[in-house]
Every structure is written in structure tokens, then in C-alpha cells.
Amino acid sequence: ECVSGCVCPDGLLDDGKGGCVEEKDCPCIHNNQWYSPEQKITVDCNTCTCQKGVWSCTEYVCYGTCMIYGSGHYITFDGKFYDFDGSCEYVATQDFCGEKNSTGSFSIITENVPCGTTGVTCSKAIKMFLGKTELKLEGKDYKEIQRDIGDDVHYWNRTVGLYLVFEASNGVMLIWDKKTTVFIKLTPDYKGKVCGLCGNFDDKSNNDFTTRSGLQETNALKFGNSWKQSSMCPDVTQEIKPCDAKPHRKSWAKKECSIIQSEVFKICHSKVDPMPFYEACVHDACSCDSGGDCECFCSAVAAYAQECTKAQACVFWRTPDICPVFCDYYN
């Protein structure tokens with residue numbers, strides 16, 4: 001017997017929006033958004049084109065990026081998000097890994113110091129070893145030290161907006177905001193050949209917690225402790241919850257950080273999950289209680305904005321009241 005309903009005539013397909021189209025006119029979907037045939041989008045360093053309802057993408061291998069920001073937040077090359085608050089020098093990433101630790105061309109060390117009275121730590125100084133050159137980035141500036149051992153690795157630096165960028169001939173790039181945010185970019189040649197707090201860059205996030213001795217860890221504290229540079233530093237034994245220690249700051253922190261979940265960032269929510277960035281923001285806004293509260297809050301929101309930009313969602317969130325940048329003054 002007959003069943004009521006809507007079907008498309010022979011030769012036509014449902015386009016998901018209540019219409020019937022030929023196969024060549026089928027739309028594609030990405031992050032809950034519809035795209036017309038032949039429309040292009042960018043994903044990392046690749047371009048995808050909508051063809052007959054499916055995406056056809058170029059297959060370039062892209063730079064890997066590791067991000068360290070605020071009070072101990074890490075996003076590894078493979079996209080694992082975790083927190084580690086240790087007061088010491090730690091290996092962020094290096095290619096001196098495995099048994100034959102001797103051969104490598106670079107190492108990046110982050111020095112963490114307390115950034116408030118609750119015990120959370122922020123990256124204060126970065127050391128970048130490129131062959132026999134050591135670069136120390138600290139206090140809005142950097143200095144170069146030449147060592148006796150190592151190869152010649154050339155590098156050049158430039159300022160881009162708020163960031164200082166160092167690019168080396170061995171395929172390592174470091175981007176620093178002169179405060180507490182660092183991006184480390186590596187060419188695909190380093191896939192699976194690096195180690196440290198930024199993980200091993202093998203496109204699998206479940207094995208990023210590999211300790212210095214090569215063991216797989218599930219606990220971020222044990223993993224982080226294994227990468228400290230000096231055995232004199234104490235191990236981190238517990239995760240710090242600054243909002244519990246400073247409950248009077250909690251409501252202020254939540255109110256300020258709510259911008260990440262607000263309409264301002266709406267176009268990004270379907271592309272980059274705001275939740276871990278919001279939680280990191282509240283953590284930082286509670287913890288920076290010895291000056292620099294705004295700097296901690298702004299760095300946390302800027303970290304989310306940066307990920308949104310990478311996902312092709314450009315958000316203009318800075319205003320004269322919220323984290324202004326005095327471009328006119330600097331120009």
C-alpha cells in the first residue's frame with residue numbers, strides 16, 4: 001500500500017536541505033557547514049574542493065605545531081592538550097632522542113617560574129640550541145651565545161605583529177609573543193624523531209606521554225617530571241587548582257573568560273572546541289594574583305583566537321576595553 005513521504009525523482013538526489021539535485025550538484029559538509037560544488041576550503045596547509053558531495057584534497061605534508069602558553073598549558077604536535085605546572089627547566093622538544101642520544105641538531109628548553117602565589121608556573125625564558133648557537137629569549141629580548149661544540153646551523157629572525165619569529169635552516173621555527181606563549185613549528189622531516197613535553201610528532205596523540213627513558217606514561221605529572229633538565233629541581237607531585245586556593249577570584253575569572261564561549265567566537269565554536277581553552281583561561285585568571293592578571297587572561301584568550309585563525313575562523317575580539325593592542329603607538 002502507499003506510504004506518504006517525500007522522495008526525489010529518478011536520477012536526482014536529496015541535497016539535505018529539502019531540494020533535489022543532480023549528483024554533480026551535491027553539496028559537501030564540513031564542521032556542520034554546507035558548501036556548494038567546486039567551493040574550496042583550507043585545512044592546515046591543504047586545499048579541499050567539493051566534488052559530487054565529497055571532498056577532494058591536496059596531500060601536502062604540513063608543518064607540525066606545538067604550543068605552550070599561560071600557566072603550564074601544552075598542546076603537543078599531535079594535538080594532545082594537557083597541563084603541567086613545574087618550576088624548573090624542561091625539554092620542550094629536541095631531536096636528541098633514543099639510545100644514541102648524541103646525534104641531533106636542535107633542542108628547545110623552557111624555564112618555568114611561579115607566576116602567582118598559588119604555585120602555578122609560567123614560561124619565563126626559552127633557550128633554543130641550534131648546533132653551536134644558543135639563543136636565550138627572556139624579558140622581551142633575546143641574546144645569542146656561541147658554544148664550542150656543534151655544527152653551524154644558520155638562523156634568521158624577524159618581528160611579525162606581536163611575535164618574534166626565529167627560523168632555522170634545519171627546519172625548526174620558534175614564534176614567541178615576548179611573554180608566556182611559544183609556538184614551535186617543525187617540518188615533516190622530524191615526524192617521529194623528536195621527544196620532550198611537545199610529544200613525538202608521529203600523528204598519534206595517544207603515545208605523546210613518552211618519558212625521557214622511553215616509557216609510555218598516562219600521568220601528565222610523571223611524564224613532565226621526566227623531562228626536567230636538572231635533578232636538583234623537586235618533582236611535581238600534585239596538580240594545582242588555583243581557583244580552589246583563591247575562591248574570591250573564581251567568579252571574576254569565569255566572567256572574564258566567558259568571552260571564549262560567547263557570540264564573539266561563535267564562528268569558531270564548531271571548528272575548535274572552546275571548552276579546554278575556557279578551562280585553561282579560568283585556571284590562569286585565578287592563578288595570576290601577583291600582578292599581570294590581565295596579561296594572563298589575554299594570553300589565554302589569544303591562544304584560542306590563534307587556533308581559530310588556523311581553522312579559518314578569523315575573530316576580531318580585542319577592543320579598547322578587552323586586551324587592547326596599541327598598534328598606532330608602535331607605528
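Q: Why are α3 and α5 called oblique to each other in this predicted model?
A: The axes of α3 (residues 247-257) and α5 (residues 275-287) cross at roughly 135°. Angles over 145 degrees would count as roughly antiparallel and 65 to 115 as roughly perpendicular. The angle of roughly 135° fits neither class, so α3 and α5 are oblique. As for the rest of the geometry, the two axes come within 8 Å, and the crossing is right-handed.

Q: What makes the contact of α3 with α5, by class?
A: On the α3 side there are R249, K250, W252, A253, K254 and C257, and α5 brings Y278, C281, V282, A285 and C286. Sorted by class, that gives eight nonpolar residues, three charged ones and no polar ones. Tyr and Cys count as nonpolar here, while Lys and Arg count as charged.

Q: How do you know that C8 and C20 form a disulfide?
A: Their sulfur atoms sit 2.1 Å apart, and the cut-off is a sulfur pair within 2.5 Å, so C8 and C20 qualify. The pair spans twelve residues, from C8 in the segment before β1 (13-14) to C20 in strand β2 (residues 20-21).

Q: And what makes the C8 and C20 disulfide left-handed?
A: The torsion about the S-S bond is about -85°, so this disulfide is left-handed.

Q: Are C8 and C20 buried, exposed or partly exposed, and how do you know?
A: Buried means under 20% and exposed means over 50%. C8 has a relative accessible area of 23% and C20 has 37%. Both values fall in between, so C8 and C20 are partly exposed.

Q: Why can C268 and C308 be said to tie parts of the chain together?
A: C268 lies in helix α4 (residues 266-269) and C308 in helix α6 (residues 293-310), so the link joins parts 40 residues apart in sequence. Their sulfur atoms are 2.0 Å apart, which is within 2.5 Å and therefore counts as a disulfide. The torsion here is about -95°, so this disulfide is left-handed.

Q: What makes C268 and C308 count as buried?
A: Relative accessibility is 0% for C268 and 0% for C308. The limit for buried is under 20%, so C268 and C308 both make it.

Q: How do you know that C288 and C296 are bonded, and what is the handedness of the link?
A: Their sulfur atoms are 1.7 Å apart, and a pair within 2.5 Å counts as a disulfide. With -75° about the S-S bond, the link of C288 and C296 is left-handed. C288 has a relative accessible area of 1% and C296 has 14%. With the limit at under 20%, C288 and C296 are therefore buried. A search of the whole structure finds twelve disulfides, by the way.

Q: Why is C2 not put in a disulfide?
A: The closest cysteine sulfur, in C6, is 14 Å from that of C2, so the gap is too far for a bond. C2 has 80% relative accessibility, and with the exposed class starting over 50%, C2 counts as exposed.

Q: What about C6: how do you know that C6 is in no disulfide?
A: The nearest cysteine sulfur, that of C20, is 8.5 Å away, and a disulfide needs the pair within 2.5 Å. At 82% relative accessibility, C6 counts as exposed.

Q: Why is K136 called buried?
A: K136 has 18% relative accessibility, and buried means under 20%, so K136 counts as buried. K136 is in strand β14 (residues 133-138). Beyond its neighbours within four places in sequence, K136 is in contact with E111, A125, I126, K127, D141, Y142 and K143.

Q: What makes the phi of E38 and of K178 worth a remark?
A: Most residues other than glycine have a negative phi. E38 has a positive phi of about 70° and K178 a positive phi of about 65°, although neither is a glycine. E38 is in the loop between β4 (33-35) and β5 (40-43), and K178 is in the loop between β18 (172-176) and β19 (182-186).

Q: Why do E38 and K178 get their accessibility labels?
A: E38 has a relative accessible area of 51%, and exposed means over 50%, so E38 is exposed. K178 is at 27%, between the limits of 20% and 50%, so K178 counts as partly exposed.

Definitions and conventions. Residues are numbered from 1 along each chain as its sequence is written. This is a predicted model: local features need pLDDT of at least 70, side-chain atom pairs count only at pLDDT 80 or more; totals for chains, interfaces and linings use all residues. Side-chain values use heavy atoms; hydrogens and water are left out. Axes are lines fitted to C-alpha atoms, for helices over the stretch in contact, and angles run from 0 to 180 degrees between N-to-C directions. Helices (H or I, at least four residues) and strands (E, at least two) are DSSP runs, numbered from the N terminus. Angles under 35 degrees count as roughly parallel, over 145 as roughly antiparallel, 65 to 115 as roughly perpendicular and the rest as oblique. A crossing is left-handed if the near helix is turned anticlockwise from the far one by less than a right angle, and right-handed if clockwise. Contact means heavy atoms within 4.5 Å. Buried means under 20% relative accessible area, exposed over 50%, partly exposed in between (1.4 Å probe, protein chains only).
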